[in-house]
Amino acid sequence: MKAPTDPKDVLKKYFGYTKFRHRQEQIIAHVLDQKDSLVLMPTGGGKSLCYQVPALIFDGLTLVVSPLIALMKDQVDALKLNGIKAAYLNSALSASQQSEVINQLKNSELKLLYLAPERLIGSDGEFIKFLQTLKVSMIAIDEAHCISQWGHDFRPEYTQLSKLKANFPGTPVIALTATADRLTKEDILKQLKLDKPAIFLSSFNRENIHYFVAPKRESYAQLLDFLKNHEGESGIIYTLSRASAEGLAASLKADGYDVLPYHAGLERELRDKHQDMFIKDEVKIITATIAFGMGIDKSNVRFVVHMDLPKNIEGYYQETGRAGRDGLKSDALLFYSYADVMKLQRFVEVESNEQQSRIMLKKLHEMAEYGDLRTCRRKYLLNYFDEEADNNCGSCDICLNDRERFDGTVIAQKALSAVARLEQKFGAGYVIDILKGSRSEKIREEHKQLKTYGVGADLTKTEWSHYIKDLLYLGLLNKTNAQFPVLRLTEKSLPVLKGEEKVMLYKVSETIYQSSGKPQQELPMEASLFDHLKLLRKRFAVSENVPPYIIFSDATLQELATYLPQNMEDLKEISGFGAVKLEKYGEAFLEKVIEYCASRKLKTQMDQKQRKRKRKSNLNTPTKLESLRLLREKNTLEEIAEKRGLSVSTIESHLNDCVLEGLIDILELMPQALIDEITPAIMENTVPGIKPVKEKLRDDITYGQIRAVYNFLQCKGVV
Ligand code: ADP
Ligand code: ZN
């Protein structure tokens, strides 16, 4: 059998997928062109395929450097199940197993070899010398941010990798990471000495993850509430300390949950066992410190909860990113209180390294800012990674909670005057105590005489804390940046205190946890068939001693249970069935589906799958069509805006959506020459968003025009 050389064919044959994601296709083409690259893609984005596909097309061997020894076996097992010759070398292998791998290498029997950096560079370069005798076609460096001190996960052994380019001149290197800010990015390029590298930045947006923040108060009760919406689903609950991971597991167990703890204080063996059980779906929930997860590639994690504040956004994003690798809807929930920020300040300091301490403190404060947001959480996260985002994602607590506003002038006046009477010297907690008329010993006697003492007793502490956040957000109050932040008035405060200005506040409402429920598909899935298929998958997993998701992901089983394929031809259309898996498992899964359909007189829905592929998103709402109608009546954009009482940019976006839908010809919007000017700038762009495209073009070309061309190209399937 001749090996395919076209990346698309390789994707289908070995992995059973029909389409590339993100920028996988461009990255693979670049690597095949023997050029260096740096790939930034979010966790679960599909980085592995960027080197696995070229590895199968290149003649020789691909080296994969990874710090995650625990993950290597899984990755190699997964490749083998797809009929790919791969192996790993690490300390977990016996001497005889290692020499077997060496023999396979000598006989050119392997396509991919996974190694830890110390294994590659260590033993005085002996191993490098050996590798130099082989045909090494490509080197992939996973988790490349570990090389940089600027990152949040610096590993000294990675710095040795700077020798690689000299050891393997001319061999293309691909560095990959899911987390790198600008400094880290530059450091990776510099240290690895990449040769004219292309940087491929994918959007960091994980659309299927929904973000929630809840005040850290009675968090256990809130957690139970949340878990009710996730019955039977797999999830990770992070805590700051080992003791709380342990305690939480015990409480949840007592409340009937299927849960185990994981932290560095457990015996190695027990820890590995718990992780293994989680991966194999033998336990649903893990309560863990951040020690857990680096080695986890489980695709059906439906929720990630943080009981305590993480130390930085990078860590938080990576941890939440462990949810929903299969692309199905998943939830991330954070319990937040400012007390956590105070507590963590000590922990993030790096001993006798003032500069690093400063970096880490700044990162902590950015994390706190996320907890305090009154605007879209997703936008904040994406902006953090230098990416633009819409103002409303529709799937974080802020955006979902389209909160009602009310005239809160009196509330604002009470709060502002309390701050004023306390001479702007106290934090939010104390101000609230004064407003509530707290009898606590903390309250100074003289403050009990203040006029504002007790004027806010009608509201709860939570409500007050909520409104103070609103006032901060509205700029009517300021918070100092000190270790114990103090509330201050701003220039906007006075008119409110004088009763010259009204203040609209947001009503306090409960955080809504939507159940991640089942996938967002138009077709209902046969839930009990899905369960049968999971059992079948489990049987194969046990007999082959691999985690179930390596056999098939949940997404694949859901497709089976939705589209009900009836023969091998149908099965080829199901995502995840590559040639080897089709042959090995196809019949067994098909049999289950057919049997199920026969017993319930169900028909196949494969035609829906084909139709779905052709169908485009439905954007033609009446308002957009109205704008289109006016355009066709030969109105200019400005005239349409005027007639409709909308802004020009809104009209522009209506019409651009029509371009995407194929409802209008782009030439109705702009001349061919302009299209020809904008198109190459879009095609050559390697970073997400249209801002970089705009920067490359003449100043008078607008975002709207670029967006129109982009939509046109997208409609034609070019981008
Ligand atoms: P990362 O290393 O970026 O965190 P992975 O490489 O582990 O992500 O990929 C995440 C999941 O997405 C895997 O289950 C993988 O098989 C799947 N995947 C990757 N690329 C595609 C694709 N083009 N089509 C369908 N599934 C894909
Ligand atoms: Zn949002």
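What percentage of the 719 residues of the protein count as buried? The answer is 53%. Please keep in mind as you read that this is a predicted model. Here is a friendly tour, going from the whole fold to the cores and then to a handful of individual residues.

**Overall fold**

- The protein contains 33 helices and 17 strands.
- Its radius of gyration is 28 Å, close to the 27 Å that the globule rule gives for 719 residues, so the protein is as compact as a globular protein of that length.
- If you are setting up a box, the C-alpha trace spans about 85 × 75 × 60 Å along the principal axes.
- Take the contacts between residues at least 6 apart in sequence: 72% of them join residues at least 24 apart.

**Surface and charge**

- About 33,500 Å² of the protein is exposed, and carbon and sulfur atoms supply 50% of that area.
- On the charge side, there are 101 positive and 98 negative side chains.
- The centres of these two sets of charges lie 1 Å apart.

**Nonpolar cores**

- The largest nonpolar core has 144 residues.
- The residues with the most contacts inside this core are Leu 63, Leu 113, Leu 120, Ile 141, Ile 174, Tyr 370 and Phe 589.
- Leu 120 gives a good view of the packing: leaving aside residues up to four places away in sequence, Leu 120 touches Leu 63, Val 65, Leu 115, Phe 127, Ile 128, Leu 131, Leu 161 and Leu 164.
- Another core, of 27 residues, lies apart from the largest one, and Ile 411, Tyr 430, Leu 471 and Leu 505 are among its members.

**Two buried residues: Thr 177 and Met 360**

- Thr 177 belongs to strand β6, which covers residues 173-177.
- Is Thr 177 buried or exposed? With a relative accessibility of 1%, Thr 177 counts as buried because the cut-off is under 20%.
- Around Thr 177 are Val 39, Leu 40, Met 41, Lys 47, Ala 144, His 145 and Ile 188, which Thr 177 touches when residues up to four places away in sequence are not counted.
- Met 360 sits in helix α15, made up of residues 354-372.
- Met 360 has a relative accessible area of 13%, so this residue is buried too.
- From Met 360 to Met 504 the C-alpha distance is 36 Å, with 144 residues of sequence separation.

**Positive phi angles in loops**

- Lys 193 is not a glycine, yet its phi is positive, near 55 degrees.
- The loop that holds Lys 193 runs between α9 (182-192) and β7 (198-201).
- Gln 424, also a residue that is not a glycine, has a positive phi of about 55 degrees.
- Where is Gln 424 found? Gln 424 lies in the loop between α18 (409-421) and α19 (428-436).
- The relative accessibility of Gln 424 is 27%, so Gln 424 counts as partly exposed.

**Lys 469 and its surroundings**

- Lys 469 is part of helix α20, residues 461-473.
- A relative accessible area of 23% makes Lys 469 partly exposed.
- Which residues does Lys 469 touch, not counting those up to four places away in sequence? They are Tyr 336, Asp 372 and Arg 374.
- Lys 469 and Leu 240 are 229 residues apart along the chain, and 25 Å separates their C-alpha atoms.

Definitions and conventions:
Residues numbered from 1 in each chain as written. Chains lettered and ligands numbered in written order. Predicted model: local features only at pLDDT ≥ 70, side-chain atom pairs only at ≥ 80, totals over all residues. Heavy atoms only, no water. Helix = DSSP H or I, 4+ residues; strand = E, 2+ residues; numbered from the N terminus. Rg over C-alpha atoms; globule rule 2.2 N^0.38 Å. Buried < 20%, exposed > 50% of the residue type's maximum accessible area, 1.4 Å probe, protein only. Contact = heavy atoms within 4.5 Å. Areas by Shrake-Rupley, 256 points an atom, 1.4 Å probe, with all protein chains shown as cover. Lys, Arg positive; Asp, Glu negative; His and termini not counted. Charge placed at Lys NZ, Arg CZ, Asp CG, Glu CD. Core = buried A, V, L, I, M, F, W, Y, C linked by side-chain atoms within 4.5 Å.
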